[in-house]
Amino acid sequence: MTLDTFLMQAFNGLSLSTILVLMALGLAIVFGLMGVINMAHGELMAMGAYTTYATALLFERYMPALHDIYFLIGIVLAFVVTFVFGFALERGLIRFLYKRPLDTMLATWGLSLILQQVFRHVFGPKEVGVPTVSWLRGAWAPVTMPGASFPLSRIFIIVLALLVSFGVYLLLFRTRWGLRIRAVTQNRAMAGAAGINTERVDALTFALGCGLAGIAGSSFTMLASTGPVTGQQYVVDTFIVVVFGGVESLLGTLLSATLIGELQSTFEFLMTGSMAKASILLLVIVALYFRPNGLFATKVRR
Amino acid sequence: MKIDRRQFIKSAAAVSTVAALPGAPFIRSAAAADTIKVGILHSLTGTIAIAEASVVDAEKLAIEEINAAGGVMGKKLEVVVEDGASDWPTFAEKARKLLERDQVAAIYGCYTSASRKAVLPVMERYKGLLYYPTYYEGLEMSPNIMYTAQEGTQSAIASLDWLYKNKGKSFYLIGSDYIWPRTMNKLANLHLKKIGARVAGESYYPLGSIEFASEINKIKAAKPDVIWSTVVGGSNVAFYKQLNAAGITGANQALCAMAVSEEEASGVGPENLEGFMSCMGYFQSVKHPANAKFVKAFKAKYGANRVVGDTMECGYISVYLWKLAVEKAGTTDVPKVVAASSELALDAPEGKIKFHKANHHLWKHARIGTFRKDGQIDMIYESPLIEPNPFAKI
């Protein structure tokens, strides 16, 4: 293996890791902090992707001159749309099911099927083509390494994932809102007694998780397909990352995404794609056998 | 006399049964007098709807055209559309419903091999007739199924021979992980060995997989002359977008896609496909009078921005092939229609084709073309008619 191949492989691992981070952050908040098993998380990503597609269509029709910046606006809109949808979902459905985790699972799974069929009716059963903006097409090839090239879209996702992670960190650990979220997570009754409006915190936290899913879905339009079942392609990986990392820990999610991303791209280089996937799943099963709460679980009092 | 409820229900049931008995056969024969029922069985919902929904459009167009031209043996066709919902047991159940309740003379349907395998025992048990319009891996011949698209060898061998002659000696095989790509690559491995080409790599990814960066790295390291891709569905979007982002384009790498038609091109993004090759039995750009008529009629009915692809054309000709066989046999009786299909010829949009004498498959052309910027395909090679050989020995 040449140095170039090695470098690109390391880059691929990093890229896959950040993709997993983006996928999993939203779920880590919804599932990790709130304990809601949201099976429709993938469909929320698809909703973000479709929002980006709709934005692209609008720009093409009304502002073709500004086409190059549509993508940035698309990401913001994807966040807004899924955030609002998440808020409505929490108020309208999830809040009645907090004490019944199995029912939540069933309800959100049903919701995912409904959303898939809605996408199919509104946007058609075929995949839609989301145009890649010109400044993200192609690859960056450093002059010093003639054999290596780093796709711009992947570099963009790496930067985006870092920004989003940092933003979530600031929000949770440096703002009053974050303080309230953490308080409610750690001890709901006590937080309520201290005057925190726990219902409001629940709704906003859930909406935030959904909004992050929207950002993820929106940015993945550069790499992958956008269709009614797009969400299904993401949701399994997302759950694996969150569960493997340890459900209550955001840092665990980051570390587990990095670990799985690097391992998977290494395995994919060494064997075929299917075998790589199977090996990763096997590793996760073995790891969870020995550490049922996930690799980086924080100890919480129940 | 006091009638209790139980007695009343009994007598009411008896009366209605008697009333229904003579009525039912009368209604059925009356209906049979002026129409023939045919069924369409594809997924309109679920994962596979992406590919099957437009095949339904093409089949409906054919039925409409036939009715406008006077029907089959003077009878109008009455179509019953059922949704297989991308679920194999549902396919079997709907096939049974079409045969038992609707008593359809023929069914045009199924897309994936899995759905066909689920429907096959139902067709054989209820003596139905299925026209299957999707290119597939071969290794099947049911007395109750007619196969109107290419089986594996018809596309694989012709494309490999042409690529070996024109594009290079080493091949990289990549596919989705299920029966069709695995069988195609098995054929490819055997045939490449026979003609003296080298297999530079072979890899499979789970259906729906969206991460190909490492594979692309491997391809770059292996430097094959030709990439031969049997990747299907949504994965294709990821595969071509990422190939492009990594700097592998139609300008610097020969790649032949075995499962990307004009139809998939819009979802993949034609700018990502430009210059890559596709191998199919039919392209929308085929120059043939019957094709010009087909494309024009399709666009007139469904909109000028719609495109047609291989499977849609095969669905369209399925209806016509059945019509011809029925008229030749003079009946819709399944064994007679099948017998009449032997060596039955049709001037189809893809050119003049005909059924094989015995094996229920079609003699077909294999075509290779290059993707243009607008997602259409310019043909660069057309094989002569190739004999179908579903149980190939290489």
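In this predicted model, the contact between the two chains draws 35 residues from chain A and 31 residues from chain B. On chain A, several helices supply at least two residues each to the side that touches chain B. They are H1 (3-33), H4 (101-123), H9 (230-245), H10 (250-270) and H11 (273-290). H1(A) gives the most, with six residues. By residue class, the side of chain A that touches chain B divides into 18 polar, 12 nonpolar and five charged residues.

Chain A as a whole comes next. The secondary structure of chain A consists of 11 helices and two strands. Read from the N terminus, the order of elements is α-α-α-α-β-β-α-α-α-α-α-α-α. The radius of gyration of chain A is 20 Å, and the globule rule gives 19 Å for 302 residues. The two values are close, so chain A is as compact as a globular protein of that length. Along the principal axes, the C-alpha atoms of chain A fill a box of roughly 65 × 50 × 35 Å. Of the 302 residues in chain A, 49% are buried. Contacts in chain A were also sorted by separation along the sequence. Among those with a separation of 6 or more, 77% join residues 24 or more positions apart.

In chain B, two strands pair in the parallel sense. These are S1(B), residues 35-42, and S2(B), residues 76-83, and eight bridges link them. One bridge joins B:Lys37 to B:Glu78 in S2(B). Between the two strands the chain passes through helix H2(B), residues 49-68. The resulting β-α-β crossover is right-handed. In a regular strand, side chains alternate between the two faces of the sheet.

Two residues of chain B stand out by their backbone angles. Most residues other than glycine have a negative phi. B:Gln103 is not a glycine, yet its phi is positive, at about 50°. B:Gln103 lies in the loop between helix H3 (88-100) and strand S3 (107-109) of chain B. B:Gln103 has 15 C-beta neighbours inside 10 Å, so this residue counts as partly exposed. B:Cys110 likewise has a positive phi, near 75°, in a residue other than glycine. The loop that holds B:Cys110 runs between S3 and helix H4 (113-125) of chain B. Around B:Cys110, 31 other C-beta atoms lie within 10 Å. The cut-off for a buried residue is 20 or more, so B:Cys110 is buried.

Terms used
Residues numbered from 1 in each chain as written. Chains lettered and ligands numbered in written order. Predicted model: local features only at pLDDT ≥ 70, side-chain atom pairs only at ≥ 80, totals over all residues. Contact = placed C-beta atoms within 7 Å. Helix = DSSP H or I, 4+ residues; strand = E, 2+ residues; numbered from the N terminus. Nonpolar A, V, L, I, M, F, W, Y, C, P; charged D, E, K, R; others polar. Pairing = 2+ DSSP bridges. Right-handed = clockwise from strand over helix to strand, strands pointing away. Rg over C-alpha atoms; globule rule 2.2 N^0.38 Å. Buried ≥ 20, exposed ≤ 12 C-beta atoms within 10 Å, placed from the backbone.
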